[in-house]
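Colleague: Could you walk me through this one? I'd like to hear how the pieces fit together.

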Amino acid sequence: MANLLNSSAVMMCPHGGTVSAITSNTRVNAAGSPLLGATDTYLIAGCPFVIGIVPHPCIQVQWVQPDARSQAVSDFTLSEESVGLCVAADMAVQGTVLVTFTQPRVSGI
């Protein structure tokens, strides 16, 4: 079982951009911060990716594999094992999101 992601989790795109989660969950916490769900909004700032000479930064994360059996407030939770794709403004997939830190107290599948 993998540790669940909460709003204190540190995530980034493969190019070093910072992922910020905007969650609507105000009821279920893990380690003092709201759990994140697959349908929450995940914005990426500071991605330096360039194709040739044209900037092509990652701008958001789309989760394609959330936790299979763990839910909070009618939304599938996310864990260290969840798969999220970082996409550019033209919806081109540019790699998978990297989870570098999350809370160690609550896990799920």
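Colleague: Where is L5 found, and is L5 buried or exposed?

Modeller: This is a predicted model, so keep that in mind. L5 is found in the loop between β1 (2-3) and β2 (10-12). Buried means under 20% relative accessible area, and L5 has 0%, so L5 is buried.

Colleague: Which tryptophan does L5 touch?

Modeller: Leaving out residues up to four places away in sequence, the contacts of L5 include M11, L35, L36, L78 and V99. The tryptophan among its contacts is W63.

Colleague: What does W63 touch, and which element gives the most to the largest nonpolar core?

Modeller: Apart from residues up to four places away in sequence, W63 touches L5, M11, A38, Y42, L78, S82, V83, G84 and V97. In the largest nonpolar core, with 15 residues, W63 is one of those touching the most other members, along with M11, Y42, I44 and V61. Two elements give two or more residues to this core, β6 (41-45) and β9. The one giving the most, with 3 residues, is β9.

Colleague: How does β9 pair with β12, and what stands opposite L85 there?

Modeller: Strand β9 (residues 58-65) and strand β12 (residues 83-88) run antiparallel, paired over 6 bridges. Opposite L85 of β12 stands Q62.

Colleague: And in β13, which residue is the bridge partner of L85?

Modeller: β12 also pairs with strand β13 (residues 93-96), antiparallel over 3 bridges. The two form a hairpin with 4 residues between them, and M91 in the turn has a positive phi of about 70°. In β13, the bridge partner of L85 is T96.

Notes. Residues are numbered from 1 along each chain as its sequence is written. This is a predicted model: local features need pLDDT of at least 70, side-chain atom pairs count only at pLDDT 80 or more; totals for chains, interfaces and linings use all residues. Side-chain values use heavy atoms; hydrogens and water are left out. Two strands pair if DSSP finds at least two bridges between them. A nonpolar core is a set of buried Ala, Val, Leu, Ile, Met, Phe, Trp, Tyr and Cys residues joined through side-chain atoms within 4.5 Å. Buried means under 20% relative accessible area, exposed over 50%, partly exposed in between (1.4 Å probe, protein chains only). Contact means heavy atoms within 4.5 Å.
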